[in-house]
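Grab your viewer and work through these short exercises, each followed by a solution. Try each task before you read on.

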Amino acid sequence: MGRYIVKRVAVGLVQLIGLTVAVFFLIRLLPADPASRLVGMNPSREAYEQARHQLGLDQPLLTQLGAYLGVSSSGAGLLEGDFGTSWVTSSPVGSEIATYLPVTLELVTISFVIAFLVSVPVGMVGALNPGRRSDKAVFVYGLFAGSQPEFWWGLLFVYVFFFTLGWAPAPLGSLSPMTSPPPAITGFLTIDSLLAGQPDVFFEALQHLVLPVATLVFVLSGPIVKMVRQNMARALRSDFVLYANCAGLPPARVARYALRAAMAPSMTLIGILYGFMLGGAVLVENVFSLPGIGQYAVRAVLAYDYPAIQGVVLVITALSLVVYLGIDLIHAAIDPRIVH
Amino acid sequence: MRSFTSLLCAMTVASVVAGPAHAETAKTILFLAEDVPSGLDIDGASASITTSQTGMVNIMEPLFGYANKGVNASGIMVPDFSKFEGRLVDSWEFDPKTLIWTLHLRHGVKGCTGNEFTAKDVVYTYQRGKSVSGSTPVGWFLANVASVKGFTADVFKNPAARTLNPDEVKAVDDYTVTIAQSEPNALFLPVLTIFGTYIFDSTLMKAHATDKDPWAHDYANNVSPASFGPYCVERWEKNQEIIFKANPNYWRGKPAIDRVIMRRVPQSSNRLVILRTGQAQLTQNLTPREFDSLRGAPGLKVEGVEGNESLFMIMNFKIKPFDNIKLRQAIAYAIPTEQIIKTGYFGQAKPWHSIVPSIYPGYAETPTQYPYDTAKAKATLAEAGYPDGKGLDAFHDSFQLTYPAEKESTVGPIVNIIQSALRQVGIPATLNPIPLAQFGDRTLVKRDLPFALNDYDKAIGVDAGYTLQLFFVSPSKGGIANESDYSNAYIDETWPKARVETDPAKRNALLASMQEQAMKDVALLPIVEFKTQYALSDKLTGLSWQSDSSERFFDLKLQ
């Protein structure tokens, strides 16, 4: 198992390095010049050249890469953990990512946990009752939830639960404008509020998470339910389940065996979805005014903010690789044959 | 399963018990914005972004401003562009022989930390601008446009030229400053009202300077542009919110609103519903349809001003077939202005009869006009050599009507109207939304967009000459915002004369002739001037408008 982990981590590192270099060159193919966005109000030739010089864009590409990695004499770079400075905000990209990433991680992680806890039993109910009404209902739910765009559900939830019913808080971000956030320790508002001994802020943060989490859970549960239902149904038709039934094992134990076999592919899907949602939650972040990493990434791309784009891609990729590694390990635990 | 149920129950109960938060207190307002400032340095990367300018103009203070003209029919205080008033300046004199402005500064003006404003702050601000050390040299640019002596393009090539000399800007004593011009130029006072010339608190800025950043750009961009304005930064979380607190030392008196919370709500529909619930007091940048839906809503009002926002079309002079003047004129006759006003702006716009904002000094309604007339459009198209559009298919790429994709909700309905109208006369227009940054790059720097629609670029210097210089003088002669790559010898020769003309009547006549020339050439096609609109609580009064369209929180009062 240890060798397997080392091998997976090594492959992940190679992927990360390759991606870092590829992204560096790819974003320079974007069809606009970041210097021209900066000069905005004064796009004279002198101002434009000045902006290019300030951004280092007047240097050869390899020199720029060297500066980015920190192997040239121009200062700290990526190898020393410095992601550079945003060309839009003039703030260090690393600290900006540290601010925005926890917002998304908190949203996506809570949503995935709830989506998982909802979807597995729902998918099992469908698989254990093939052809019955409950199975059909599960099938329809999986189809319906997974096929609707999240921003649409988000706007609908805002209209119904905030504007019409008044149950939910306004889509104004993580906290009400009148509430001061706790000092940032982990960056996760729910954890920081508890660490700061502010349960009122904790509950307010939860309250503001209800609608965005509900939106994501609804959308995410669709494919997970479908996956669990199909894999479970397949497992229930397999030889070992037939043998278990013939051997007279209780149905609950047989279902547990089948679930274990069904979980491996479902976990893969969850892992892929999680990695995707780190950047893909942007629409939900946008609807609920949450300052997450997805919004940051979109702003960076639209502003051609190279250091920010590079930083976000790198961090999300690294996180995705960690998640995939975790999924592989869980997969290996469920099915030890994979290690070999 | 039990843990999930408990969590869900806890979350639901919490939401029901707590209910919606109530933002409004006695002297705090919640302002919902499309974005919050991403930087606050006037020479920084965010200087051209309107939301950043909103932060700058409420924290910093100018030397000059415009006197108030009164409240318009909609309830907005508008400026009198013919009357300047001193802000940090108490009184001033100009000597036309020496071209020196002597500014007598106001006494007893204090910033947020209690530092007192003196002549050294003015000198510091101009020296900082001349250093061109920021990523966008806006301070230098505006001083250059106002012909402040020494602010030439030489500073970019010659580091020695970046030092401010006493014969350019000088502190005569603690409360007297002289600023010299290199030539007579009526733009001096209008330019000194623009945010990029606002004055820094040099004591605080110097305290945050470093060897690497001697002009404290990082401090201005990430903490505050220290100055003497009505508000100070209480808290600032980029991408989320900025809270302004009243400067108790402000020279015009402590602002009536103690705190302004500017919160980012990117979805305009959410800004609308939050405002309707009464949890916020002010918002802008809704779509015309959304503003229209709020008219008559209980507890709310929509106020608008015919300011300097406009919709215009760019047809690039250097790209075929737009080098054909008859084709440009045919397109001009084919634009259904009234339909655009009715459908695109819900009546909150008017036809534009020149290429300069109609409220600006020096504006002249030109004799040449292009009223909507499809028969005339077809006839002119035939004169252009393309009867019924025959032969135009060869220019498919040129007829991609480009507009910023981020403006889809406002410009989207309009481009569809224009596309249909053009096809009706035989012009094969297609639509091409592109990202705003790319749009800016291609219109302002590369100047390679053949055909485009723009509703956001505007000249914030309140003067016809300022607009004409930026948008219509040849790029090689200073027309830095010349998006059509237009070049005309008469305009290029006349602007230098108009710039130094000291007789206002003669200057206005020259500016009027330049406007007529540009209209004849369809240098850009003016379509409509639309209202800048705001939606606000009916308890909020005192909203004022300035040419940068940024709200001045000092003027607001909460009943």
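**Exercise 1: a four-stranded sheet**

Task: Which residue of β7(B) does B:H104 stand opposite?

Solution: B:H104 faces B:T176 of β7(B). Keep in mind that this is a predicted model.
- Start with the two strands: β5 (residues 100-105) and β7 (residues 176-180) of chain B pair in the antiparallel sense, over 5 bridges.
- Next, place them in their sheet, an open one of 4 strands with antiparallel pairing and the order β4-β5-β7-β6 (chain B).
- Then find the edges: β4 (89-95) and β6 (169-173) of chain B each pair on one side only.
- Finish with the turn between neighbouring strands of this sheet, which is 20° on average, direction ignored.

**Exercise 2: a seven-stranded sheet**

Task: In the sheet with the order β8-β9-β10-β1-β11-β19-β12 (chain B), why is one side of β8 and of β12 left without a neighbour?

Solution: Take the sheet as a whole, then its edges.
- This open sheet of chain B is formed by 7 strands, and its pairing is mixed.
- β8 (231-237) and β12 (300-305) of chain B stand at the edges with a single partner strand each, so one side of each has no neighbour in the sheet.
- From one strand to the next, the twist averages 20°.
- Now zoom in on β11 (residues 282-284) and β19 (residues 532-537) of chain B, which run antiparallel and are joined by 3 bridges.
- Here B:Q284 stands opposite B:Y534 in β19(B).

**Exercise 3: two helices of chain A**

Task: Are α1(A) and α14(A) roughly parallel or roughly antiparallel?

Solution: Begin with the geometry.
- Helix α1 (residues 2-27) of chain A packs against α14(A) at an angle of about 160°, and their axes are 10 Å apart.
- Angles over 145 degrees count as roughly antiparallel, so α1(A) is roughly antiparallel to α14(A).
- The crossing of α1(A) past α14(A) is right-handed.
- As for residue classes, their contact has 18 nonpolar, 5 polar and 2 charged residues.

**Exercise 4: a pocket**

Task: Which residues are the closest to the centre of the second largest pocket?

Solution: Work from the volume to the lining.
- The second largest pocket has a volume of about 1,500 Å³.
- Its lining has 43 residues, and A:Q54, A:L55, A:T85, A:W87 and B:K212 are the closest to the centre.
- At least two lining residues each come from α3 (45-55), α4 (61-69) and α14 (306-334) of chain A and from α8 (217-222) of chain B.
- By class, this lining has 24 polar, 12 nonpolar and 7 charged residues.

Note on methods. Residues numbered from 1 in each chain as written. Chains lettered and ligands numbered in written order. Predicted model: local features only at pLDDT ≥ 70, side-chain atom pairs only at ≥ 80, totals over all residues. Heavy atoms only, no water. 1 Å grid on protein atoms, 1.4 Å probe; cavity = no way out; pocket = protein on both sides within 12 Å on 5 of 7 lines; lining within 4 Å. Points joined across faces, edges and corners; volume = space filled by probe spheres on them. Nonpolar A, V, L, I, M, F, W, Y, C, P; charged D, E, K, R; others polar. Pairing = 2+ DSSP bridges. Axes fitted to C-alpha atoms, helices over the stretch in contact; angles between N-to-C directions. Parallel < 35°, antiparallel > 145°, perpendicular 65-115°, else oblique. Left-handed = near helix turned anticlockwise from the far one by under 90°.
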